[in-house]
Amino acid sequence: MKRRSLLKAFALSATVASIGLAWGAQAADTIKVGIMHSLSGTMAISETPLKDVALMTIDEINAKGGVLGKKLEPVVVDPASNWPLFAEKARQLLTQDKAAVVFGCWTSVSRKSVLPVFEELNGLLFYPVQYEGEEMSPNVFYTGAAPNQQAIPAVEYLMSEDGGSAKRFFLLGTDYVYPRTTNKILRAFLHSKGVQDKDIEEVYTPFGYSDYQTIVSNIKKFAAGGKTAVVSTINGDSNVPFYKELANQGIKATDIPVVAFSVGEEELRGIDTKPLVGQLAAWNYFESIDNPTNAKFVADYRAYAKAHNLPNAASVVTNDPMEATYVGIHMWAQAVEKAGTTDVDKVRAAMAGQTFKAPDGFTLTMDQTNHHLHKPVMIGEVEENGQFNVVWQTDQPVRAQPWSPYIAGNDKKPDHPVKAAQ
């Protein structure tokens with residue numbers, strides 16, 4: 001009896017072991033990819049579509065055979081617009097889920113929150129949103145715009161005859177690192193153009209702020225002093241009440257142009273855009289761009305939204321950070337194939353000089369040294385249908401300047417994140 005029991009126990013152990021090996025083999029047959037975006041809270045309006053387009057891109061790559069013969073397995077986490085929680089979720093993705101790479105974050109405060117985690121654990125983050133610069137990390141690839149690829153050209157446009165010849169600037173933003181640092185750069189740039197501090201106003205509001213009546217009234221008063229433009233670095237769902245209040249107080253683009261750096265097609269979906277016709281946004285991509293690559297990108301996303309029953313699937317739109325997400329995932333996959341491994345150090349080296357034909361109509365290049373994309377710059381006017389008509393753009397992609405030349409001492413900063421980290 002004892003002998004039979006022992007044999008049964010050995011057989012059971014062997015079965016459990018074989019099941020464990022089978023599961024291990026199955027896990028090894030996939031490459032885990034982290035998707036870290038706020039799907040709830042004040043930033044969900046902007047970040048949820050990035051999660052959706054990331055999943056679409058992963059499906060697209062898997063349909064073509066995956067990477068290194070393995071399927072990509074997305075691991076989605078929701079840091080819920082809670083900045084410390086981003087760091088916890090990043091650590092979870094790298095240590096527990098064993099993600100080979102993470103695509104995520106929107107706000108700079110969330111990126112700053114996770115940065116020490118990625119550097120400590122030597123993880124790899126692809127960050128898809130325009131930002132304030134003044135940072136380079138060997139563990140981050142920045143696929144959104146640096147200030148010289150968005151903020152500086154936008155203000156130059158506002159100062160031009162085509163942009164309204166603005167002489168005074170109302171800098172309105174959400175109160176955190178991206179707006180404050182961007183406006184520090186813009187103030188220094190404006191000084192270099194002869195604009196005095198009395199002609200520059202800075203106002204900041206908390207995340208989730210909704211009562212813009214007094215602020216918009218103050219914009220009108222400030223504009224009485226000369227040709228004025230508003231530069232908006234408002235982030236998240238606060239954009240909806242801000243633009244509604246502009247309409248309520250009768251501010252038109254011909255009177256006081258507003259250029260936004262964080263308002264795209266997705267944010268305009270919840271707004272009556274008729275009173276906002278002519279207001280501006282500066283990006284590196286708009287859905288309305290007419291070329292075959294973009295037509296396919298937009299059609300594929302609409303089909304994905306319908307097939308996966310996304311909310312308001314019939315009216316989904318694409319935007320700049322979605323394109324940057326799409327480009328980043330494809331570039332990472334190309335780098336893994338080139339490296340022959342998901343090893344972070346080898347993928348990082350393989351990312352240098354990667355190119356990808358993007359929906360914006362250009363073949364984008366990952367810079368050989370600074371971990372930023374060379375990107376075209378575009379300025380679009382709001383149309384009645386919530387789309388943008390591109391009124392100005394660069395002829396070619398522009399190389400990013402992570403360290404703004406308008407900040408003292410930046411000329412001594414290294415232009416290579418790996419060397420800077422050593």
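## Helices and sheets in a predicted model

Pro49, Leu50, Val53, Ala54, Met56, Thr57, Glu60 and Ile61 of helix H2 are in contact with Pro321, Met322, Thr325, Tyr326, Ile329, His330 and Ala333 of helix H11. By class, the residues of this contact between H2 and H11 are 11 nonpolar, three polar and one charged. The model that shows this pairing is a predicted one, with a mean pLDDT of 93 for the chain and 93% of its residues at 70 or more. Residues 1–27 are a stretch where the pLDDT is below 50, and beyond near neighbours in sequence this stretch has zero contacts in the model.

**The five-stranded sheet**

- One open sheet has five strands in the order S2-S1-S3-S4-S5, and the pairing in this sheet is parallel.
- Strand S2 (71–77) and strand S5 (140–142) are at the edges with a single partner strand each, so one side of each has no neighbour in the sheet.
- On average, and with direction ignored, neighbouring strands of this five-stranded sheet are turned by 25° against each other.
- Strand S1, which covers residues 30–36, runs parallel to S2 and is joined to it by seven bridges; as one example of this pairing, Lys32 has Glu73 in S2 as its bridge partner.

**Helices H2 and H11 on that sheet**

- Helix H2 lies across S1 and S2, and its direction is at about 165° to that of S2.
- Helix H11 also packs on the sheet, where it touches S1, S2, strand S3 (101–104) and strand S4 (125–127), and its direction makes about 170° with that of S3.
- The axes of H2 (residues 44–63) and H11 (residues 320–339) come within 9 Å and cross at roughly 35°, and the crossing of these two helices is right-handed.

**Helix H11 against helix H12**

- Helix H12, made of residues 344–351, has an axis that comes within 8 Å of the axis of H11, and the two cross at roughly 110°.
- H11 and H12 are therefore roughly perpendicular to each other, and H11 passes H12 in a right-handed crossing.
- On the H11 side the contact is made by Met331, Trp332, Ala335, Val336, Lys338 and Ala339, which meet Lys346, Val347, Ala350 and Met351 of H12.
- Sorted by class, this contact of H11 with H12 has eight nonpolar residues and two charged ones, with no polar residue among them.

**The seven-stranded sheet**

- Another open sheet has seven strands in the order S7-S6-S8-S9-S10-S14-S15, and its pairing is mixed.
- Its edge strands are S7 (200–205) and S15 (388–393), each of which pairs on one side only.
- The average turn between neighbouring strands of this seven-stranded sheet is 25°, with direction ignored.
- Within it, strand S8 (residues 228–233) and strand S9 (residues 258–260) run parallel and are joined by three bridges, and the bridge partner of Val231 in S9 is Val259.

**Helices H6 and H8 on the seven-stranded sheet**

- Helix H6 lies across strand S6 (168–174), S7 and S8, and runs at about 180° to S7.
- Helix H8, which spans residues 239–248, lies across S6, S8 and S9, and runs at about 170° to S9.

**Helix H5 against helix H6**

- Helix H5 (residues 151–159) and helix H6 (residues 177–192) have axes that come within 10 Å and cross at roughly 45°, which makes H5 oblique to H6.
- The crossing of H5 and H6 is right-handed.
- In this contact, Ala151, Ile152, Val155, Glu156 and Met159 of H5 meet Thr182, Ile185, Leu186, Phe189 and Leu190 of H6.
- The residues that take part in the contact of H5 with H6 are, by class, eight nonpolar, one polar and one charged.

Technical notes. Residues numbered from 1 in each chain as written. Predicted model: local features only at pLDDT ≥ 70, side-chain atom pairs only at ≥ 80, totals over all residues. Heavy atoms only, no water. Axes fitted to C-alpha atoms, helices over the stretch in contact; angles between N-to-C directions. Helix = DSSP H or I, 4+ residues; strand = E, 2+ residues; numbered from the N terminus. Parallel < 35°, antiparallel > 145°, perpendicular 65-115°, else oblique. Left-handed = near helix turned anticlockwise from the far one by under 90°. Contact = heavy atoms within 4.5 Å. Nonpolar A, V, L, I, M, F, W, Y, C, P; charged D, E, K, R; others polar. Pairing = 2+ DSSP bridges. pLDDT = per-residue confidence, 0-100.
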